[in-house]
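Let's take a walk through this one, starting with the sheet and ending with the annotated site. Have the viewer open as you read.

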Amino acid sequence: MTVIINMRDGIDERKIRVAARFILEGKLVAFPTETVYGLGADALNGEAVRRIFEAKGRPADNPLIIHIADFSDLKKLASEVPKEAKLLAEEFWPGPLTFVLPRKEEVPLVTTGGLDTVAVRMPSHPIALSLIRASTPIAAPSANISGKPSPTLAEHVIDDFYGKIKAIIDGGETRIGVESTVIDLSSEKPTLLRPGGLPLEEIERVIGPVEIHPAVRGKLIDVARAPGMKYRHYSPNAQVIVVEGRRERVRAKIEELVREYRSKSYRVGVMATEEFEADEFFHLGRSEEEVARNLFKALRELDRRGVDVIIAEGVEEKGLGFAVMNRLRKAAGYRIVWA
Ligand code: TXA
Ligand code: MG
């Protein structure tokens, strides 16, 4: 049985203690963060962490992020904390930023997917922070079945894991909607491994230019440093097609594709920042923030409405748009139409 713990109206310390006990017993608890929901287990308990991989159907070489609530915990997990990490933590923690650092031996290899580095972040969601403080550092990937869009609502977690994990804390909709930005600080040059909820521009403002791992932009396969990048990601059941290019041409291209697929008797969904005629339509919102917040919900929702094809409007690749386009292109399996 899965316990649904309702905390939509704010933190309840008594309920937090119940969930913390589950974590300390080696059980799996899904909880909200400011980015997406996480599927948590005691990060230092290898057996517990193994259950995360099992439940998600996640390949064992795709490492997890460890969530902490106090900066001092970082020294228990990473053997070295370079000055860039200190500067960035000072500025952006708690928040949607993950560091990859050299691993301390105490961190089980299951947690790091066998790597000698460890990914750590301090989330800002009060429920996440309370849960960690009441238990221990928590390893948590996004709380979705491997390959599916990440969850931004407790309902998404329930769809994927009801009956398979100990508890789900419902804290309502997550604020940011895309996962944390992952930056590798374990080697010589700071390298972006995943664009995310903290825009790259913000990071560069603090530590200067950051390299971008080639796999971030392309569909490069088999990447040793960022194992997560080689797997199919964020895919709904429907085929996603992204339309990119000059704004004034994108509208006409989307309309053309809708006509084309409908004429072949496909049920067509559109997700975009302005209104479109289609079998199903999901409005992503107008600002960068709204689009990021709605992205995964739109993919899951259009799937639920039973469309065969999802045509998604591309957005500008700056700020949160970098993370949005990275997720969209992956969801589309790199099926991109240029307008
Ligand atoms: O916002 C987030 O980051 C969410 C919430 C729950 O905190 N978590 C999340 O975890 O997105 P997950 O497992 O879905 O993504 C973790 C990413 C993967 O791409 C993984 O490959 C990368 O971080 N990663 C973790 N440890 C790593 C390491 N040691 N070296 C390189 N990449 C690592
Ligand atoms: Mg994930």
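## The big sheet

Start with an open sheet of 11 strands, ordered β1-β8-β2-β3-β7-β4-β6-β5-β9-β10-β11, with mixed pairing. The edges belong to β1 (3-6) and β11 (211-212); each has a single partner strand, so one side of each has no neighbour in the sheet. Keep in mind that what you're looking at is a predicted model.

At the β1 end, the partner is strand β8 (residues 167-170), and the two run parallel, joined by 4 bridges. If you want a spot to zoom in on, Val3 sits opposite Ala167 in β8.

## The chain as a whole

Stepping back, the secondary structure adds up to 11 helices and 16 strands. The C-alpha trace spans about 60 × 45 × 35 Å along its principal axes. What radius of gyration does the protein chain have, next to that of a compact globule with 339 residues? The chain comes out at 20 Å, and a compact globule would be near 20 Å, so the two agree.

On burial, 51% of the 339 residues count as buried. As for contacts between residues at least 6 apart in sequence, 67% of them join residues at least 24 apart.

## Two domains

The domain assignment splits the chain into domain 1 (3-225) and domain 2 (239-338). Their C-alpha centres lie 27 Å apart. Across the boundary, 16 residues of domain 1 are in contact with 17 residues of domain 2. On the domain 1 side, the touching residues divide into 8 nonpolar, 6 polar and 2 charged.

There's also a record to set beside this: an unreviewed UniProt entry lists residues 13-198 as "domain: YrdC-like". In the model, that span is 29% helix and 20% strand, and its end C-alpha atoms lie 29 Å apart.

## A buried strand, β15

Now jump to strand β15 (residues 309-313). Is β15 largely enclosed or left open by the rest of the structure? It is largely enclosed, because 5 of its 5 residues are buried.

In a regular strand, side chains alternate between the two faces of the sheet. In β15, Val309, Ile311 and Glu313 point one way while Ile310 and Ala312 point the other, and all are buried. Note that Glu313 is on that buried list.

Two strands pair with β15. Strand β12 (residues 239-244) runs parallel to it, joined by 5 bridges, and strand β13 (residues 268-272) pairs with it in the parallel sense over 4 bridges. Ala312 is a handy landmark here: Val242 stands opposite Ala312, and Met271 stands opposite Ala312 too.

## Helix α2

Back to lower residue numbers for a helix. In α2 (residues 46-56), the buried residues are Ala48, Val49, Ile52, Phe53, Ala55 and Lys56. What covers them includes β3 (37-42), β7 and α6. Just after the helix, Gly57 takes a positive phi of about 70 degrees.

## The annotated site

Which residues does UniProt list for "binding site"? The unreviewed entry gives Thr35, His67, Arg121, Ala140, Ser142 and Ser180. They're spread over 146 residues of sequence, yet they cluster in space, with a largest C-alpha distance of 13.2 Å.

Two of the listed residues are worth a closer look. His67 lies in strand β4 (residues 65-67). With a cut-off of 20 or more other C-beta atoms within 10 Å, His67 counts as buried because it has 28. Leaving out residues up to four places away in sequence, His67 touches Gly38, Arg121, Pro123, Ala128, Ile132, Pro137, Ile138 and Ala140. Arg121 and Ala140 are among the listed site residues.

Ala140 sits in the loop between β7 (138-139) and α6 (154-161). Ala140 is buried because 29 other C-beta atoms lie within 10 Å. With the sequence neighbours up to four places away left out again, Ala140 touches Gly38, Leu39, Gly40, Leu64, Ile65 and His67. Gly38 turns up in the contacts of His67 and in those of Ala140.

Notes. Residues are numbered from 1 along each chain as its sequence is written. Chains are lettered from A and ligands numbered from 1 in the order in which they are written. This is a predicted model: local features need pLDDT of at least 70, side-chain atom pairs count only at pLDDT 80 or more; totals for chains, interfaces and linings use all residues. UniProt positions are given in the numbering used here, feature names are shortened, and annotations may be inferred rather than shown by experiment. A residue is buried if 20 or more other C-beta atoms lie within 10 Å of its own, exposed if 12 or fewer, and partly exposed in between; C-beta atoms are placed from the backbone. Two residues are in contact if their C-beta atoms, placed from the backbone, lie within 7 Å. Domain bounds come from an automatic or database domain assignment. Ala, Val, Leu, Ile, Met, Phe, Trp, Tyr, Cys and Pro count as nonpolar, Asp, Glu, Lys and Arg as charged, and the others, Gly among them, as polar. The radius of gyration is taken over C-alpha atoms; the globule rule is 2.2 Å times the number of residues to the power 0.38. Two strands pair if DSSP finds at least two bridges between them.
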